[in-house]
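Let us walk through this model step by step, beginning with its aromatic side chains and ending with its enclosed space.

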Amino acid sequence: MTLEEFSLSSKAKEIIKDAGYELYTTMDTHIQEWYSWYTTSNDDFYKVDYVVKAGDTESKKSRDRYSLKPAKRVCREYASLILTEDTEISVDTSKANAWLQDYLSRNSFWPSGQNLIERAFAIGTGAWVLDYDIKQNAAESKVRIQRHDARMLKPLSWDVEGISECAIADRITHKGKSIERLALYVLDEGTYHVKMHLIKDNAEITPEELGYISDFDTQSPRKPFGIVIPGIDNTLADFSPYGMSIFADAVDAIKAVDLAFDSLYQEVDLTQVKIFASEEMLDIDVRNGKAIPLSKQDMQTYRMMEGQNASRFIDIFSPNIRTDPLKQALNIALAELGEECGFGQNYFTLDKAGGLKTATEVVADNGALMRNVKKHENVVRTAIQDVMGALLDTARIHCDADIEQDFGAVSVKFDDSVITDTQTAKNQMLAEIAAGVLPKWKYAETWYGMTEEQAKAELPQQEQAFDPGF
C-alpha cells in the first residue's frame with residue numbers, strides 16, 4: 001500500500017446508507033488491484049523474498065523488484081495523446097465562450113485534466129466534479145473543477161446512459177487536523193443539490209463551521225460532474241457504473257516487462273568485476289581479527305582462496321554480460337504490453353540506441369492506435385461537455401458571470417496531430433476548396449474552431465483560405 005492511500009471511512013459509508021442509498025462494492029477489489037499495479041505497490045509481485053545462509057543460520061530477507069512502471073507508462077501515454085493544451089473547448093455564444101476560455105487558461109485545466117485521465121485509465125473511472133464556494137456577494141463566489149478517481153467516487157444512481165447521482169469523498173486539512181469531506185451530488189425536484197458532510201475523528205461536524213453549505217441547490221438540471229472511463233467494455237461486471245482499467249487484460253504483460261527489466265538489472269549488477277586480493281593486500285582489524293580489504297566497493301573485493309594463483313597479489317574476474325538475450329526478452333514483453341493495451345506492437349519497442357521510441361516515430365502507420373485513441377476521445381468528450389455545461393450554467397446563476405442563458409452546446413475538438421497527419425489533411429481540404437468541392441468557410445470551421453456562422457462572417461472578406469502554418 002502506498003503512503004497516505006485514500007479509502008472511504010466507515011462513517012462515510014454509514015452516512016450514505018442513512019441517506020437511503022446502497023453502496024456498490026462489486027468493483028472495489030478490482031480497483032484496489034489495478035491501483036497496486038499502477039503504483040508498483042503490489043507486494044505479491046514487487047517484493048522478492050530470499051534466504052541468506054551464514055553457517056547454520058538462515059535469515060529471510062526481501063528486496064524490491066526493479067520496475068519500468070509499465071502500468072503507469074501506459075496510462076500516462078494515453079493521457080498525453082488524448083488531452084493536450086491544443087485541445088479546443090468552446091460554446092456557441094460569444095460572452096459564454098470568452099468567459100470559458102478565460103477560466104480554462106487561469107485554472108490549469110489541461111495538466112490537471114491529463115492527470116485525471118491517467119488515473120481514470122489506471123483504475124477504470126475518474127470524474128471532473130464542480131466544487132462550490134458560494135458567498136453572499138455573488139461576484140466573490142467561485143466554482144472550481146476538481147478531479148477524483150474511482151476510490152473517491154461512489155455511484156448512487158445510474159443506468160445504461162451513465163451515472164446520474166454520485167457521492168464524492170476526499171480529505172481536507174483544517175488547523176493541522178485531517179477532515180474527511182463527503183459530498184452527495186443528487187437530484188432534488190429537478191435540480192442538482194450538493195449535500196455536504198464533514199467527518200472529523202470518525203464523527204460528523206457541522207459543515208457551516210468551516211464555511212460549507214449543508215444542502216446547496218445548484219438551481220441547474222445539469223449534472224455537476226463528468227465521468228471519465230476508458231473506451232473499453234467492462235467485462236468484469238455487467239451493468240456496472242464503473243469502467244475497466246486500460247491494462248486490465250495486460251497484467252501478465254506488465255509482469256513480463258518488469259521481470260525482464262529486473263533480470264537485466266540483476267545481470268549487470270551481479271556481473272560486476274570481482275577483485276580477489278592476496279593476504280599481503282589485506283589488513284587485519286585488531287578488534288575482531290577480520291581481514292579489511294583496501295577497496296571500499298561493497299561486494300567487489302574478496303580475499304584470495306587457498307589454491308589461487310599465489311604469484312599475483314590481485315586476481316581480477318570479469319564475467320560476460322548477457323544483455324542481448326535479456327534485451328530481446330524485454331522487447332518481446334514491451335511489444336505484448338503495447339498490443340494488449342491498444343498501442344500496437346511497435347509503440348514501446350526499444351530502438352537501436354536502447355531507448356523507447358516516441359509516438360511520432362511509430363503512429364504514422366499504426367491504425368490500431370489511431371482507432372483506439374478516437375474511441376477513448378469520444379468518452380472523454382462527453383465528460384468534458386457535461387462538466388463544462390454545468391460550470392457555465394452555475395457560474396451564470398451563482399457567480400454573476402456575464403454568460404448568456406442559452407449558450408448552446410459545448411464543443412470539444414481534440415488535437416490529433418500526434419496520431420494523424422494533420423498537414424496532409426489540411427492540404428487535401430485546400431485542394432477540395434480550390435476545386436470547388438467545399439466552400440471556403442469549411443476550412444475555418446474545421447481548423448480554427450469557428451462555428452459555421454463565425455466562419456461565414458469572416459471569410460467573405462478574404463480572397464482565399466489562408467493557413468498561417470504554411
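A residue is called buried here when its relative accessible area is under 20%, exposed when that area is over 50%, and partly exposed in between. The model is a predicted one, and by this rule both Tyr347 and Phe348 are buried.

The aromatic side chains make a convenient place to begin, and a search of the whole structure finds 18 aromatic pairs. In one of them, the ring centres of Phe109 and Trp110 are 5.2 Å apart and the planes stand at 75°, and because planes over 60 degrees apart count as edge-to-face, that is how this pair is described. Both partners are buried, Phe109 because its relative accessibility is 4% and Trp110 because its relative accessible area is 13%, each of these values being under the 20% limit. Tyr347 and Phe348 also form an edge-to-face pair, with 5.0 Å from centre to centre and 80° between the planes. These two buried residues belong to a cluster in which ring pairs link Tyr78, Phe121, Phe343, Tyr347 and Phe348.

Rings also meet charged side chains in this model. The charged end of Arg151 sits over the ring of Tyr35, at 4.1 Å from the ring centre, and the charged end of Lys456 sits over the ring of Trp441, at 4.9 Å from the ring centre.

Tyr35 leads on to helix α2, which spans residues 28-38 and in which Ile31, Trp34, Tyr35, Ser36, Trp37 and Tyr38 are buried. What helps to explain the pattern within a helix? An α-helix has 3.6 residues a turn, so residues three or four places apart point the same way. The cover over the buried residues of α2 includes α3 (43-46), α4 (70-82), α6 (109-123) and α7 (251-270). Just after α2, the chain reaches Thr40, which takes a positive phi of about 50°.

Two further residues with positive phi deserve a look. Lys175 is not a glycine, yet its phi is positive at about 55°, and this residue is found in the loop between β7 and β8 (177-188). Lys175 counts as exposed because its relative accessible area is 77%, a value over the 50% limit. Phe239, also not a glycine, has a positive phi of about 60°, and its place is in the loop between β12 (225-228) and α7. Although its side chain is aromatic, Phe239 counts as exposed, with a relative accessibility of 74%.

The loop between β12 and α7 also holds Ala248, which counts as buried because its relative accessibility is 19%, under the 20% limit. Ala248 and Glu33 are 215 residues apart in sequence, while their C-alpha atoms are 9.6 Å apart in space. Another pairing across the sequence involves Asp386, which lies in helix α10 and is partly exposed, with a relative accessible area of 26%. Asp386 and Gly226 are separated by 160 residues in sequence and by 5.3 Å in space, C-alpha to C-alpha. When residues up to four places away in sequence are not counted, Asp386 touches Lys223, Phe225 and Gly226.

Helix α10 returns in the account of open space. The largest pocket contains about 580 Å³ of space and is lined by 23 residues, with Val160, Glu161, Gly162, Ile229 and Pro241 lying nearest its centre. The elements that give two or more residues to this lining are β6 (153-159), β7 (162-174) and α10 (367-398), and the largest share, 5 residues, comes from α10. By residue type, the lining of the largest pocket divides into 12 nonpolar, 6 polar and 5 charged.

Where, finally, is space closed off inside the protein? The model has 1 cavity of 30 Å³ or more, and the largest cavity holds about 80 Å³ of space. Its lining consists of Val129, Leu130, Asp131, Gln146, His148, Ile168, Asp170, Arg181, Ala183, Tyr185 and Met196. Two or more residues of this lining come from each of β4 (126-133), β5 (142-149), β7 and β8, and the lining residues divide into 6 nonpolar, 2 polar and 3 charged. Strand β7 thus gives residues to the lining of the largest pocket and also to that of the largest cavity.

Key
Residues are numbered from 1 along each chain as its sequence is written. This is a predicted model: local features need pLDDT of at least 70, side-chain atom pairs count only at pLDDT 80 or more; totals for chains, interfaces and linings use all residues. Side-chain values use heavy atoms; hydrogens and water are left out. Rings of Phe, Tyr and Trp (its six-membered ring) pair if their centres lie within 6.5 Å; planes under 30 degrees apart count as stacked, over 60 as edge-to-face and the rest as tilted. Buried means under 20% relative accessible area, exposed over 50%, partly exposed in between (1.4 Å probe, protein chains only). A charge sits over a ring if NZ of Lys or CZ of Arg is within 6 Å of the ring centre and within 35 degrees of the ring normal. On a 1 Å grid over the protein atoms alone, a cavity is a set of points where a 1.4 Å probe fits but cannot get out, and a pocket is an open set with protein on both sides within 12 Å along at least five of seven lines; lining residues have an atom within 4 Å of a point. Grid points are joined across faces, edges and corners, and a volume is the space filled by probe spheres set on the points. Helices (H or I, at least four residues) and strands (E, at least two) are DSSP runs, numbered from the N terminus. Ala, Val, Leu, Ile, Met, Phe, Trp, Tyr, Cys and Pro count as nonpolar, Asp, Glu, Lys and Arg as charged, and the others, Gly among them, as polar. Contact means heavy atoms within 4.5 Å.
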